[in-house]
Amino acid sequence: MVTDIEAVRSLRVVRARVGERFVALPTARVRRVVRGLRIHPLLGSGAAILGLSRFGGDPLVVVDLGSVLTGSSPASRDRRTVVVARVGAEESTELLGLAVDDVLSVSADPDPGDASVDLVTFRVDEDEGETC
């Protein structure tokens, strides 16, 4: 049986910076990192939604990852590094753009005891039907 710590240690992650926070995104969910992506604001969208862009010819919703993690308004709407990730249940994933300040590295062995790094998971809240 694999414990949670063993599972995290075997996980490859993309490490990124969002404001003063450091996050780790599982590489199995990351499609691409894009810099300088043009984002078109959406009127009336929630505070975390920066806007709409295109990825591979398809529309891509881009959210401010810092706002998603903290529930606050974006500190900056100028985040121009976007991690394109698959979110949702395995059988029905969709692409979502996660705006970050910078992508720092890809790591094969994240330290599960490092409290300065938040591991971002992509799951579906079965009670609410929302993607997190």
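Visitor: What share of the accessible surface of the protein chain belongs to carbon and sulfur atoms?
Guide: The accessible surface, taken from the Shrake-Rupley method with a 1.4 Å probe, where for residues only the protein chains shown count as cover, comes to about 8,000 Å². This is a predicted model, in which local features need pLDDT of at least 70 and side-chain atom pairs count only at pLDDT 80 or more, whereas totals for chains, interfaces and linings use all residues. Residues are numbered from 1 along each chain as its sequence is written, and side-chain values use heavy atoms, with hydrogens and water left out. Of the accessible surface of the protein chain, the share belonging to carbon and sulfur atoms is 49%.

Visitor: What pattern does the protein chain follow along the sequence?
Guide: Helices (H or I, at least four residues) and strands (E, at least two) are DSSP runs numbered from the N terminus, and here they come to two helices and eleven strands. Read along the sequence, the pattern of the protein chain is α-β-β-β-β-β-α-β-β-β-β-β-β.

Visitor: Among contacts between residues at least 6 apart in sequence, what percentage joins residues at least 24 apart?
Guide: A contact here means heavy atoms within 4.5 Å. For pairs at least 6 apart in sequence, the share that joins residues at least 24 apart is 59%.

Visitor: In what order do the five strands of the open sheet stand?
Guide: Two strands pair if DSSP finds at least two bridges between them; E3 and E6 pair in the antiparallel sense over five bridges, while seven bridges join E6 to E7, also antiparallel. The edges belong to E3 and E4, each with a single partner strand, so one side of each is left without a neighbour in the sheet. The pairing of the sheet is mixed, and the order is E3-E6-E7-E5-E4.

Visitor: What is the average twist from one strand to the next in this sheet?
Guide: The angles are taken between N-to-C directions and run from 0 to 180 degrees, with axes that are lines fitted to C-alpha atoms, for helices over the stretch in contact. From one strand to the next, the twist averages 30°.

Visitor: Which residue in the turn of the E6 and E7 hairpin has a positive phi?
Guide: Within the paired stretch, arginine 86 stands opposite leucine 95 in E7. E6 and E7 form a hairpin with six residues between them, and the residue in the turn with a positive phi, of about 105°, is glycine 88.

Visitor: How many of the seven residues of E6 are buried?
Guide: Buried means under 20% relative accessible area, exposed over 50%, and partly exposed in between, with a 1.4 Å probe and protein chains only. Of the 132 residues of the protein chain, 34% count as buried. E6 is mostly covered, and its count of buried residues is six.

Visitor: Which elements give two or more residues to the largest nonpolar core?
Guide: A nonpolar core is a set of buried Ala, Val, Leu, Ile, Met, Phe, Trp, Tyr and Cys residues joined through side-chain atoms within 4.5 Å. The largest one has 15 residues, and those with the most contacts inside it are Leu25, Leu65, Val83, Leu98, Val100 and Val103. The elements that give two or more residues to this core are E1, E2 (21-26), E6 (81-87) and E7.

Visitor: Is leucine 50 buried or exposed?
Guide: Apart from the largest core lies another, of ten residues, among them Leu50, Val82, Val84 and Ala99. Leucine 50 has its place in strand E4 (residues 49-55). At 5% relative accessibility, leucine 50 counts as buried.

Visitor: How far apart in sequence are the parts that arginine 17 and aspartate 101 tie together?
Guide: A salt bridge is a side-chain nitrogen of Lys or Arg within 4 Å of a carboxyl oxygen of Asp or Glu, and arginine 17 forms one with aspartate 101, with the closest N and O atoms 3.6 Å apart. Arginine 17 lies in strand E1 (residues 13-18) and aspartate 101 in the loop between E7 (94-100) and E8 (102-107), so the separation of the parts they tie together is 84 residues.

Visitor: With which residue does aspartate 102 form a salt bridge?
Guide: Aspartate 102, at 27% relative accessibility, counts as partly exposed. Its partner is exposed, with a relative accessible area of 53%, and has threonine 81 as its bridge partner in E6. The closest N and O atoms of the salt bridge are 3.5 Å apart, and the partner of aspartate 102 is arginine 35.
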